[in-house]
Structure formats: structure tokens, C-alpha cells
Amino acid sequence: MKDLKQFNIPFVGLKEGSHLFEYQIDKTFFEAFQFDEFNNTNVKADITLVKKSTLLELSFDISGTVNVPCDITNELFDLPINGNLNLVVKFGPEFNDEHDEILILPHEAYQVNVSQYIYELIVLSVPSKRIHPDVVDGTMQSDALRKLEELRINEEKTVEEESTDPRWDKLKDLLTDK
């Protein structure tokens, strides 16, 4: 986590009002968190900090792509992601981050590190089922899809007319002869 010092936002010297911080997130960011599910990352994180007299409001907006394998074909593709998060930073006697949308910093704090929030926002913005767009529109050509198509069970089964036992037919005739 020593590599993430550029994500420290010193708020002590800032004037009250709105301030914008922009970060470009790549694969080295996730290596600091020892997260290896993404092959490559190109995400832009915009953080708007609104400084007020007793608290800070942080608004995180991310957009970009992460390179992941498709869950169906295992082909790599760039998955577009977007996300946002609002965080209120208050000041108190000790550090407390138990609540999702409220962070309490000690009174003597002079900066806030936003790397954990960016990390969580990106990871949670990726859907649990990742499907290549070419699979969705049917234009994907891969060995895995050909094999799945070959092994697919045909849902259109022809129902053969059941031949009945002639003895039962005679009994049915008895019922209809009345």
C-alpha cells in the first residue's frame, strides 16, 4: 500500500467549496491490492471534494474498461464499467469506517486516502457474469462455442405416436358401444 500515496487528498490547505481530483487507474493500482482478476485496466476516476466548515463530501465517478475473460468462452475482452459513490467525511475522536457512506476521521487528520474506495467501486462495478458482446449478438466464433453447440441437447424432440395395445382397444370399444 506504500505505492498509493498519490491517492492521499490533503484537505487542510483547501478553501471551502468544490475541488476536483482526477486519477487514471491501471493494472499497477490493482497489483498494490494483490488483485489479479483483471488482465488490464483503463479506468478514469473523478473525485469531487466539497469542503464545508465541519465536514467533507466526496463524490466518486468512475468510467472505463477492464480486460477480463468471458465466462462462457474464456476469450479476453474489454468490459466497459461505470460507477459512482458518495461519501461523507466527518471528524470525531477516532477513526471509524464501519458505515458504507460515512467516514469518521480523527480531529487531527489533515488528509484522506481514497484508494480503498476507488478499488471497491471498480471491483463492485464489474458484473458477476461477464459475457463477451460477440456472444450476446451471436457473431462470436470460437472453439468453445462450437463444442457447446455440438453438445447441446436438441429441444425439439419428435414425439412418436404411441401405438396402443390392441387388447386395450377392444376394451375401449366396449365402453363406447353402450
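**View 1. Salt bridges of the whole structure.** A search of this predicted model finds four salt bridges across the whole structure. Side chains of opposite charge can pair when their charged atoms come close. Three of the pairs are described in the views that follow: E22 with K44, K44 with D46, and E57 with K52.

**View 2. The salt bridge between E22 and K44.** E22 pairs with K44, and their closest N and O atoms are 3.9 Å apart. E22 belongs to strand β2 (residues 17-25) and K44 to strand β3 (residues 40-51), so this salt bridge ties together parts that are 22 residues apart in sequence. K44 is partly exposed, its relative accessible area being 35%.

**View 3. The salt bridge between K44 and D46.** K44 also forms a salt bridge with D46. Here the closest N and O atoms lie 3.7 Å apart. D46 has a relative accessibility of 22% and counts as partly exposed. For K44, the relative accessible area is 35%, which is again partly exposed.

**View 4. The salt bridge between E57 and K52, with a note on the network.** E57 and K52 form a salt bridge in which the closest N and O atoms are 3.0 Å apart. Both partners are partly exposed: E57 has a relative accessibility of 30%, and K52 has a relative accessible area of 37%. Elsewhere, E22, K44 and D46 are joined into one network by salt bridges that share partners.

**View 5. A patch of negative charge on the surface.** Five residues gather in this patch: D97, E98, D100, E101 and E120. One of them, D100, is placed in the loop between β5 (76-92) and β6 (102-106). D100 is exposed, with 64% relative accessible area.

**View 6. A nonpolar patch on the surface.** W168, L171 and L174 make up this patch. Together the three residues have about 360 Å² of accessible area. L174 sits in helix α5, which covers residues 166-176. The relative accessible area of L174 is 55%, and the residue is exposed.

**View 7. K27 in helix α1, with D78.** K27 is found in helix α1, which covers residues 27-32. With a relative accessibility of 36%, K27 counts as partly exposed. K27 and D78 are separated by 51 residues in sequence, and the distance between them in space is 13 Å, C-alpha to C-alpha.

**View 8. The chain as the setting for the close-ups.** The chain contains five helices and seven strands. Along the sequence these elements follow the pattern β-β-α-β-β-β-β-β-α-α-α-α. The radius of gyration is 30 Å, well over the 16 Å that the globule rule gives for 178 residues, so the chain is more spread out than a compact globule. Its C-alpha trace spans about 100 × 45 × 25 Å along the principal axes. Of the 178 residues, 30% count as buried.

How values were computed. Residues numbered from 1 in each chain as written. Predicted model: local features only at pLDDT ≥ 70, side-chain atom pairs only at ≥ 80, totals over all residues. Heavy atoms only, no water. Salt bridge = Lys/Arg side-chain N within 4 Å of Asp/Glu carboxyl O. Helix = DSSP H or I, 4+ residues; strand = E, 2+ residues; numbered from the N terminus. Buried < 20%, exposed > 50% of the residue type's maximum accessible area, 1.4 Å probe, protein only. Patch = residues over 30% accessible without salt bridge, like charges linked within 9 Å, V, L, I, M, F, W, Y side chains within 5 Å. Areas by Shrake-Rupley, 256 points an atom, 1.4 Å probe, with all protein chains shown as cover. Lys, Arg positive; Asp, Glu negative; His and termini not counted. Charge placed at Lys NZ, Arg CZ, Asp CG, Glu CD. Rg over C-alpha atoms; globule rule 2.2 N^0.38 Å.
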